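Dear colleague,

Please find the structure below for your consideration. A short account of the findings follows it.

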Amino acid sequence: MELVLSIAIGLMTGCGVWLILRPRTYQVIVGLSLLSYAVNLFIFGVGGVKSNLPPILEDGVDPASLADPVPQALVLTAIVIGFATTALFLVVLLASRGLTGNDHVDGRNEPK
Amino acid sequence: MNDWSHHLIIAPILIPLMAAALLLFFDERKRTLKAMISLASTAILLLVALLLFRIESAPHSFEGVYLLGNWAAPFGIVLVLDGLSALMLLLAALLAIATLVFSLARWHAVGAHFHSMFQILLVGLNGAFLTGDLFNLFVFFEVMLAASYGLMLHGSGPLRVKAGMHYIAVNLVAALFFLIGVSLIYGTTGTLNMADLAARIPQIEPDRRMLMEAGAGVLGVAFLIKAGMWPLCFWLPTAYSAASAPVAGIFAILSKLGIYVILRLTMLLFSDGPSAGFGSDVLLFGGMATLVFGTIGVLASQALGRLAGYSVLVSSGTMLMVLGISEGTVSSGALLYLISSTFTLSAFFMLIELVERGQDAGANVLAVTMEAYGEGEDSPEDDEDGVTMPGTLAILGTCFAACGILLSGLPPLSGFISKFAMLSAMMGTGAIGTPPDGAIWTLIVLVILSGVASLIAMTRVGIRTFWSSLEGTVPRVLVIELVPVMFLLSLTLSLTIQAGPAMRYMDTTIRTLSTPSIYIDAVRNATVVEGWKAKSQEASP
C-alpha cells in the first residue's frame with residue numbers, strides 16, 4: 001500500500017514539474033493541478049497509511065487502532081484552497097489569451 | 001489584563017473581514033460609499049493596532065494569547081500577540097491607511113472590488129502576524145495571496161496580466177512547498193502549534209530529525225520565495241513594477257511578511273538544541289547573493305518602477321543576511337531597518353506613479369489602463385473635481401530626494417539610523433579589540449556598496465526627471481495623492497527623532513524572541529475561560 005501510494009505521488013510530481021516548465025499556459029495549469037494532487041496525497045500519507053480505520057476518538061478505544069484525523073482535516077483545507085486558486089488562475093489564463101492573442105506564458109510566440 | 005483588551009487581539013482580523021463582507025453588498029457604482037466603509041475600517045484598524053502596540057510597549061507587557069473557541073493550546077488554534085507581532089500590525093495598518101487614501105484619488109475606480117480585496121489582504125496579513133499555529137499560518141497566507149492576486153491584476157492591461165500570471169504561478173508553487181513542509185513537520189513532530197513545536201524539537205529522536213529539518217527547509221523555501229531571496233526572486237521586480245501604484249505600495253509589506261515568518265520561526269524553533277542555527281548559512285549567503293543581485297539591478301534599471309522593484313530585493317537581501325548571522329543587537333537594528341525600508345519603498349512606489357504621470361510613457365500606460373477597463377473617461381468622479389497640489393514639482397522633487405536619502409542610508413532620515421545601528425553592532429560582534437571575521441566584513445562592505453549604488457541610481461534618475469526634462473509638463477497631482485506619500489516619509493523622520501525609544505523597543509522585542517521559553521510558557525499556560533464552560537455544561541443536561 002505504501003509502495004503504491006509513494007509511486008503514485010512520485011509519478012504525479014514528476015509529470016507536474018515537467019508540465020509547469022512548459023511554455024503553454026494550459027500545460028502549466030495541468031501541471032499545477034497534478035502537483036497539488038500529489039501534495040494532497042502526500043499530506044494524507046504523513047498521518048500513516050491505514051485503511052478501514054475510523055478517525056474518531058472514542059473512550060476505551062486504543063488510539064493506535066485509529067486513523068490520524070489531523071492530516072485529513074488539513075487535506076480538506078488544502079483541497080478547497082487549491083481548487084479556488086486554480087479556478088482563479090484559469091480566469092487569468094483566459095484574460096491573457098484574450099489580451100495577447102496566444103497562449104504562451106510570456107504572451108508571445110517563440111521564434112521559429 | 002482586563003477582558004476587553006484581551007478580545008482586542010482578534011479585532012485586527014475581524015474588522016477588515018466584516019468590512020470586506022459588507023462591501024460586497026453594495027454595487028460597484030456606489031463608489032463613495034464603498035470608499036467610506038473601507039476607509040472607516042482601516043482607520044479603526046489603525047486605532048486597534050495603536051492600542052495593541054501601546055499595551056505591548058508598556059513595561060509590564062502582558063502575554064497576549066487568545067484561545068480561539070476556548071480550546072486549550074496544543075489542541076485548539078491560538079493567536080499570539082507579542083512585541084514583534086504588535087509592531088508588524090502597526091506597520092501594516094499605517095501602510096494600509098496611506099495606500100488606501102492614495103488609491104481614493106483615482107486608482108480604486110479602475111477595476112472592480114478594489115476595496116473588498118484590499119480589506120481581505122489586510123485580514124490575511126494581520127492573521128499571519130498574529131497566528132501561533134503553522135497550518136493557520138498557511139490559511140492566512142493563502143487568504144492574503146488570493147487577495148493579492150486580485151489586486152495585482154487591478155486595472156488590467158496586457159502588462160499586468162502577464163506579470164500577474166507569473167506572480168500567481170510562482171506563488172501557487174510556493175503554496176505547495178508550504179504544504180509539503182507543514183505536513184513533513186507534522187509527520188515528524190505530531191504537532192503544528194508553534195509553541196508546542198518549539199518545546200518538542202529539541203527532544204526529537206535523531207532518525208526523525210533529518211526529516212523534520214528537511215520539512216523546515218522546504219517550508220523555508222516558501223517564505224524565501226515571498227521574501228524574494230536570490231535565486232527565487234526573478235518574478236518580483238516585474239510584478240511589483242507592473243502593479244498599480246497603491247497596490248505596489250501595500251505589496252511592499254508582503255515581502256516583509258516572508259522575512260517576519262523566517263525571523264519568528266528561526267528564533268522560536270532553532271535557537272537551541274541539536275538543530276540550533278539550522279539554515280542560518282543559507283540565509284547569510286542567500287542574503288548576500290540577493291543583495292548583490294538587487295544592487296546590480298538597481299544600477300541597471302532604466303524605468304523607475306523596476307528600480308523600486310530591485311530596491312525591494314536590496315532591502316530583503318540586507319534583512320536575510322543579518323538574520324543569517326543571528327546576533328541579538330544586529331537583529332534589533334535590522335528590525336528598525338525593516339520598518340524604515342517598508343515605509344520608504346511604499347512611499348517610493350506611490351511617488352513613482354506621480355512623477356511618471358508628467359512623462360509620456362507613464363501617462364500612456366494609465367490611459368491604456370483606463371481604456372481597457374472601459375469606464376475611465378466617463379467615470380462620475382473624474383479627477384477634475386479634486387484639489388490639485390500647489391508647487392507640485394517642488395514637493396515631488398523633495399519627496400524624491402527624501403526617498404533617495406532613505407534608500408541609500410544617508411543622514412538625517414531613518415535609513416541612516418537603522419543602517420548605522422546594524423553596522424555598528426556588526427563591528428562589535430567579536431570580543432573587544434579583535435576585528436570581525438571575513439563574513440562580517442563582506443557583509444559590511446556589501447551593505448555600504450548597495451547604499452552607494454542606490455545613491456547613484458537615484459541621482460541619475462532624479463537629474464533626468466527633474467532637471468533635464470525637455471517637455472516641461474507639470475503633472476497634475478491631487479493633494480489626496482501627495483499627502484499619503486508625505487505622511488509615510490514624515491514617519492521615517494519621526495523614527496529618526498524617536499530613534500532612542502524605537503531602538504529600546506526593538507531591543508526588548510529581540511530579547512523576548514531569543515528566549516523562546518517565554519513564548520512557549522505563555523501559550524502552554526494560557527487558561528480557558530472557566531465561566532463560559534461552566535455555563536455551557538449547565539445548559540447541556
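Two residues are in contact if their C-beta atoms, placed from the backbone, lie within 7 Å. In these terms, 27 residues of chain A are in contact with 22 residues of chain B. On the side of chain B that touches chain A, α6 (134–152) and α7 (158–189) of chain B each supply at least two residues, and α7(B) gives the most, with 16 residues. Helices here are DSSP runs (H or I, at least four residues), numbered from the N terminus.

This is a predicted model: local features need pLDDT of at least 70 and side-chain atom pairs count only at pLDDT 80 or more, while totals for chains, interfaces and linings use all residues. Residues are numbered from 1 along each chain as its sequence is written, and chains are lettered from A and ligands numbered from 1 in the order in which they are written.

α7(B) also gives the most to the largest nonpolar core, with 18 residues. That core has 212 residues, and A92(B) and L179(B) are among those with the most contacts inside it. A nonpolar core is a set of buried Ala, Val, Leu, Ile, Met, Phe, Trp, Tyr and Cys residues joined through C-beta atoms within 7 Å; buried requires 20 or more other C-beta atoms within 10 Å of a residue's own. Leaving aside neighbours within four places in sequence, A92(B) is in contact with L122(B), L125(B), N126(B) and I253(B).

Yours faithfully

Key:
Buried ≥ 20, exposed ≤ 12 C-beta atoms within 10 Å, placed from the backbone.
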